[in-house]
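Welcome! Here is a friendly walk through one part of a structure, best read with the picture beside you.

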Amino acid sequence: MSSVSFDYSGKAVLVTGGSSGIGLAIAQGFRDAGGQVTITGTQTGIGDYPDDLSAFDYQQVNMLDVDGIEALAGSIETLDVLVNNAGTTFRGEEAYKPENFEATIDINLNSVYRLSHRLFPKLKASGGSIINIASMTSYFGSPRGPGYGASKSAILQMTMSLGALWALDGVRVNAIAPGWIDTKLTAPIQKMPQIADPIIQRTPMGRWGRPDEMAGTALFLACNEAASFLTGVTIPVDGGYCTL
Ligand SMILES: NC(=O)c1ccc[n+]([C@@H]2O[C@H](COP(=O)([O-])OP(=O)(O)OC[C@H]3O[C@@H](n4cnc5c(N)ncnc54)[C@H](OP(=O)(O)O)[C@@H]3O)[C@@H](O)[C@H]2O)c1
């Protein structure tokens with residue numbers, strides 16, 4: 001991201017799923033702006049990842065593990081920004097199994113509520129905010145992943161609900177709905193022209209988005225001065241995909 005002057009010096013930021021892709025780019029954005037950033041991933045340590053994550057505090061958390069989420073929340077002393085980014089999907093026939101539908105909801109939605117609920121007191125104390133990561137499937141059908149679509153649509157709704165609930169507590173809750181972004185999550189479909197070509201044809205900017213293109217919106221949404229009257233909204237950052 002080109003330099004945008006947000007100052008997060010002295011601010012504590014937690015980015016779930018910050019070990020790669022969009023989460024890592026957002027974590028780097030806050031780190032570059034002076035923030036103290038904790039990231040989570042599913043692997044044991046930062047040495048298990050291809051990117052250099054040494055600028056961050058790292059915690060291993062699987063969002064299917066309620067005890068692990070509770071332990072993460074309990075380990076946070078102060079918090080200014082919570083970015084609920086960790087997410088995944090199942091593919092092929094696996095996506096249609098009821099148990100995988102439930103697992104997708106647990107990872108992409110239930111963990112977001114649990115972590116937000118548990119960390120709300122810290123955010124209230126600091127006047128902090130939450131950023132959730134939604135999706136184009138928050139707005140459109142997701143025939144290749146009904147659980148993914150259901151979870152991301154609910155993220156949009158929950159962002160409105162918690163934004164309204166916590167407005168008078170001074171905790172703003174907003175979301176980013178990325179378009180189609182070049183990450184390891186989308187790597188398999190980028191190799192499938194029958195899926196990838198229509199995506200690019202429908203995207204007015206005519207390309208895949210980059211993870212770092214999500215960071216500026218995150219820094220803006222978390223900024224209590226720039227986004228002071230903004231809560232409950234989901235902003236598409238999608239190269240225009242939603243316009244068609
Ligand atoms: N890429 C897109 O086009 C796109 C579009 C809309 C929304 N999104 C959303 O953006 C977020 C980030 O995705 P991405 O595209 O950046 O994919 P990614 O590179 O695969 O990153 C996903 C992150 O979530 C973590 N994660 C996956 N399953 C988890 C689990 N069960 N428990 C805890 N953490 C888990 C991953 O950890 P590991 O690195 O250890 O696997 C990683 O840190 C997700 O919520 C995704 O749904 C992506």
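## Two loop residues and a helix pair

The side chains of aspartate 212 and arginine 210 make a polar contact at 3.0 Å. Please keep in mind that this is a predicted model.

Aspartate 212 sits in the loop that runs between helix H6 (193–202) and H7. Is this residue buried or partly exposed? Aspartate 212 counts as partly exposed, because its relative accessibility is 24% and the buried class is kept for values under 20%. In sequence, aspartate 212 and glutamine 28 are 184 residues apart, yet their C-alpha atoms are 8.6 Å apart in space.

Our next stop is another loop, the one between strand E6 (172–178) and helix H5 (187–190), where threonine 183 is found. With a relative accessible area of 14%, threonine 183 is buried, since buried means under 20%. A polar atom of the threonine 183 side chain lies 3.1 Å from the backbone nitrogen of leucine 185. Leaving aside residues up to four places away in sequence, threonine 183 touches Gly21, Ile22, Gln190 and Pro211.

Here are the two loop residues side by side:

| Residue | Relative accessible area | Class |
|---|---|---|
| Threonine 183 | 14% | buried |
| Aspartate 212 | 24% | partly exposed |

Now to the helices. Helix H1 (residues 21–32) and helix H7 (residues 215–222) have axes that come within 8 Å and cross at roughly 55°. That angle makes H1 oblique to H7, because it falls neither under 35 degrees nor in the range of 65 to 115. The crossing in which H1 passes H7 is right-handed. Which residues make the contact? From H1 they are Ala25, Ile26, Gly29 and Phe30, and from H7 they are Ala215, Ala218, Leu219 and Ala222. Sorted by character, the residues of this contact are seven nonpolar, one polar and no charged. The polar one is Gly29, because Gly is counted among the polar residues.

How enclosed is H7 by the rest of the structure? H7 is largely enclosed, because six of its eight residues are buried. The buried residues are Ala215, Thr217, Ala218, Leu219, Leu221 and Ala222. Besides H1, they pack against strand E4 (81–84), strand E5 (129–133), E6 and strand E7 (234–237).

Note on methods
Residues numbered from 1 in each chain as written. Predicted model: local features only at pLDDT ≥ 70, side-chain atom pairs only at ≥ 80, totals over all residues. Heavy atoms only, no water. Axes fitted to C-alpha atoms, helices over the stretch in contact; angles between N-to-C directions. Helix = DSSP H or I, 4+ residues; strand = E, 2+ residues; numbered from the N terminus. Parallel < 35°, antiparallel > 145°, perpendicular 65-115°, else oblique. Left-handed = near helix turned anticlockwise from the far one by under 90°. Contact = heavy atoms within 4.5 Å. Buried < 20%, exposed > 50% of the residue type's maximum accessible area, 1.4 Å probe, protein only. Polar contact = N/O pair within 3.5 Å; in protein donor to acceptor, adjacent residues only side chain to side chain.
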